[in-house]
Amino acid sequence: QVQLVESGGGLVQAGGSLRLSCVASGSRFSISISTMGWYRQAPGKQREWVASIGSGGSRGIASYADSVKGRFTISRDNAGNTVYLQMNSLKPEDTAVYYCNIFPPIPASWGQGTQVTVSS
């Protein structure tokens with residue numbers, strides 16, 4: 001089973017930046033052979049996909065939701081089994097709990113997430 005631990009969230013003013021990290025562990029699990037994604041859930045809303053980064057034949061190719069394109073950057077450190085999400089030009093509507101998971105997500109692997117709050 002995959003364990004995922006997110007960190008790096010916090011309170012930031014609109015226009016600011018944050019860098020989220022997600023460390024993956026589990027027997028025989030390596031992010032280098034997995035497409036990894038970041039997701040978020042705002043209060044009163046369903047969890048939504050934010051970004052993903054490919055592996056294998058699409059190694060390193062990133063995809064983004066339209067709402068974050070040009071502001072967020074997903075990256076991966078295979079040696080450290082860590083996925084990052086650099087978030088710039090943050091907006092109040094980016095306020096949510098952010099999670100990482102395999103893409104598409106494994107329901108049993110959701111972690112605690114990390115809270116991002118953007119004040120106006």
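Which residues does serine 21 touch, not counting residues up to four places away in sequence? Taking contact to mean heavy atoms within 4.5 Å, serine 21 touches Val5, Glu6, Ser7, Trp38, Thr82, Val83 and Tyr84. Before going on, I should say that this is a predicted model, in which local features need pLDDT of at least 70 and side-chain atom pairs count only at pLDDT 80 or more, while totals for chains, interfaces and linings use all residues. Residues are numbered from 1 along each chain as its sequence is written, and side-chain values use heavy atoms, with hydrogens and water left out.

Serine 21 lies in strand β3, where strands are DSSP runs of E, at least two residues long, numbered from the N terminus. Serine 21 is buried, at a relative accessible area of 18%, because buried means under 20% with a 1.4 Å probe and protein chains only.

Trp38 brings us to the largest nonpolar core, which has 30 residues, and Trp38, Leu85, Met87 and Tyr98 are those with the most contacts inside it; such a core is a set of buried Ala, Val, Leu, Ile, Met, Phe, Trp, Tyr and Cys residues joined through side-chain atoms within 4.5 Å. Strands supplying at least two residues each include β3 (18–25), β4 (36–41) and β8 (82–87). Leucine 85, with the same sequence neighbours left out, touches residues including Leu20, Trp38, Phe72 and Tyr98.

Turning to the sheet, 6 strands form an open, mixed arrangement in the order β2-β10-β9-β4-β5-β6, with β2 (10–13) and β6 (62–64) as the edge strands, each pairing on one side only. Pairing requires that DSSP finds at least two bridges between two strands; β2 and β10 pair in the parallel sense over 4 bridges, and leucine 11 has threonine 117 in β10 as its bridge partner.

Terms used:
Buried < 20%, exposed > 50% of the residue type's maximum accessible area, 1.4 Å probe, protein only.
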